Each structure stands twice: as C-alpha cells, then as structure tokens.
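Visitor: I would like to learn how to read a few features of this structure. Where do we begin?

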Amino acid sequence: MQAVQVKVLNPKLTQDEAFSLPTRATDGSAGIDLRACIDEPLTIAAGATHLIGTGLAVYIQDPNYAGMILPRSGLGHKHGIVLGNLVGLIDADYQGELMVSVWNRSNQDFVLQPAERMAQYIVVPVARPEFEVVNEFSDTSVRGAGGFGHSGRQ
Ligand SMILES: O=c1ccn([C@H]2C[C@H](O)[C@@H](COP(=O)(O)OP(=O)(O)OP(=O)(O)O)O2)c(=O)[nH]1
Ligand SMILES: [Mg+2]
C-alpha cells in the first residue's frame, strides 16, 4: 500500500512534544492513537458530545482503502467516552481535518486533556464492486431474508 499523506494543520503538533505526531502505542498496534488538539482541558458533561479536531489532515487517496476512527477500549469501557457517530468512516478522498466526535455516554463528567489520546485510527481495504440491479438473486441462500436474531440466541 502506498504511504498515506499526513498534513499537520496545527503547528502545535510539531512544536509541543506532548502533541507528538500520531504513533502506534506498540509495534503490533493496529491503530494509531488520535490526540485531542485542544489548548485547555475540556469538560465533557455526562451525555454530551463534542467535535474535537486532531490538527491533522490524512489523505489516503487510493480509493481501495478507507480510514476508520474507533473508540479506545479503556476510555470507552472505564469512562464511557465513545464516538457520537459510533464509528467514523474516513473516505480516501477526504482532505479535511480529521475530526473526532467525542461522546460521553456515562453519567459522570469527563475532563479531556490537551493532547490526550481520545480515539484510534486504522486504514482498511475497501472492496468497491459495481452494483448490478436484478429482479431475482442468482441463488437462494440458506439464510434468505433471515436477520435480527432469526438464528436464535443460544
Ligand atoms: O468521525 C469522523 C467521520 C467523518 N469524518 C470526515 C471524513 C469523512 O470522509 C467525511 C465524511 O464522512 P461521512 O461520509 O460519514 O459523513 P456524511 O454525513 O455522509 O457527510 P458527507 O456528505 O460529507 O459524506 O467526514 C471525520 O473527520 N471524522
Ligand atoms: Mg458520506
């Protein structure tokens, strides 16, 4: 895969070591953590959602790939900090600032610190088949139109 182009929109990211460029926490980490590009601590009230910038623009360009923004498990499980859009899908042709919709689904206020790693980002392959309109599908699958628990719970 070709390199993904990253543009630093906020000079703070290169001037303040707390805002180091996105890094993988470990060599084996799938995601890179996205830092909150804010100047002051931000109190996210219980139930509230804030759109937080990362100070970065990430241009994937190759339409066979897309970015995804996902919650960090620790923030999500322990503090209820998840994404207002649940999962962010980043188009390969997007050239704007990478934004994170931070939702505090807990009943406690949460203080997001400047440069805090608030979410994580991965790049995934995307199959982009043409869509062929048909009157009947080529075969009848075992599942058919079954969904929403039709296979039971146990
Ligand atoms: O968590 C997110 C989700 C999206 N985006 C940006 C990148 C993405 O490529 C663009 C559009 O996202 P999406 O398609 O989900 O939004 P939409 O409501 O469909 O807007 P649009 O009409 O611009 O596609 O918004 C983010 O920065 N963060
Ligand atoms: Mg869209």
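**Reading a residue, a sheet and a ligand site**

Guide: Start with one residue and its place: Ser101 sits in strand 8, residues 97-104. Keep in mind that this is a predicted model.

Visitor: Is Ser101 buried or exposed?

Guide: The general idea is a cut-off: a residue counts as buried under 20% relative accessible area. Ser101 has a relative accessible area of 15%, so Ser101 is buried.

Visitor: Which residues is Ser101 in contact with, leaving aside neighbours within four places in sequence?

Guide: There are two runs to look at. One is Thr49, His50 and Leu51. The other is Val82, Leu83, Gly84 and Asn85.

Visitor: Now a sheet. What is the order of the strands in the open sheet of 4 strands?

Guide: The order is 2-10-5-7, and the pairing is antiparallel. Strand 2 (32-35) and strand 7 (88-90) are the edge strands, each pairing on one side only. From one strand to the next, the twist averages 30°.

Visitor: How many bridges link strand 5 and strand 10?

Guide: Strand 5 (residues 65-70) and strand 10 (residues 117-125) pair over 6 bridges, in the antiparallel sense. To read the register, take bridge partners. Tyr65 has Pro125 of strand 10 as its partner. Met68 is opposite Ile122 in strand 10.

Visitor: And how many bridges join strand 5 to strand 7?

Guide: Those two strands run antiparallel and are joined by 3 bridges. Here Met68 stands opposite Leu89 in strand 7. Met68 thus appears in both pairings, with Ile122 in strand 10 and with Leu89 in strand 7.

Visitor: How should I think about side chains along a strand?

Guide: In a regular strand, side chains alternate between the two faces of the sheet.

Visitor: Next, the ligand. Which residues surround ligand 1?

Guide: Read the surroundings as a list first. Ile69, Asn85, Gly88, Leu89, Ile90, Asp91, Tyr94, Glu97, Leu98 and Met99 surround ligand 1. Two names are familiar. Asn85 is also in contact with Ser101, and Leu89 is opposite Met68.

Visitor: Which atoms of ligand 1 lie 2.6 Å from Asp91 and 2.8 Å from Met99?

Guide: Check the atom type, then side chain or backbone. For Asp91, a polar side-chain atom is 2.6 Å from an oxygen atom of ligand 1. For Met99, a backbone N or O atom is 2.8 Å from a nitrogen atom of ligand 1. Asn85 adds a side-chain N or O atom, 3.0 Å from an oxygen atom of the ligand.

Visitor: How much of the accessible area of ligand 1 does the protein cover?

Guide: On its own, ligand 1 has 570 Å² of accessible area, and the protein covers 48% of that.

Note on methods: Residues are numbered from 1 along each chain as its sequence is written. Chains are lettered from A and ligands numbered from 1 in the order in which they are written. This is a predicted model: local features need pLDDT of at least 70, side-chain atom pairs count only at pLDDT 80 or more; totals for chains, interfaces and linings use all residues. Side-chain values use heavy atoms; hydrogens and water are left out. Buried means under 20% relative accessible area, exposed over 50%, partly exposed in between (1.4 Å probe, protein chains only). Contact means heavy atoms within 4.5 Å. Two strands pair if DSSP finds at least two bridges between them. Axes are lines fitted to C-alpha atoms, for helices over the stretch in contact, and angles run from 0 to 180 degrees between N-to-C directions. A residue is near a molecule or strand if one of its heavy atoms lies within 4 Å of it. A polar contact is a pair of N or O atoms within 3.5 Å; within protein, one must be able to donate a hydrogen and the other to accept it, and residues adjacent in sequence count only if both atoms are side-chain atoms. Accessible areas come from the Shrake-Rupley method with a 1.4 Å probe; for residues, only the protein chains shown count as cover.
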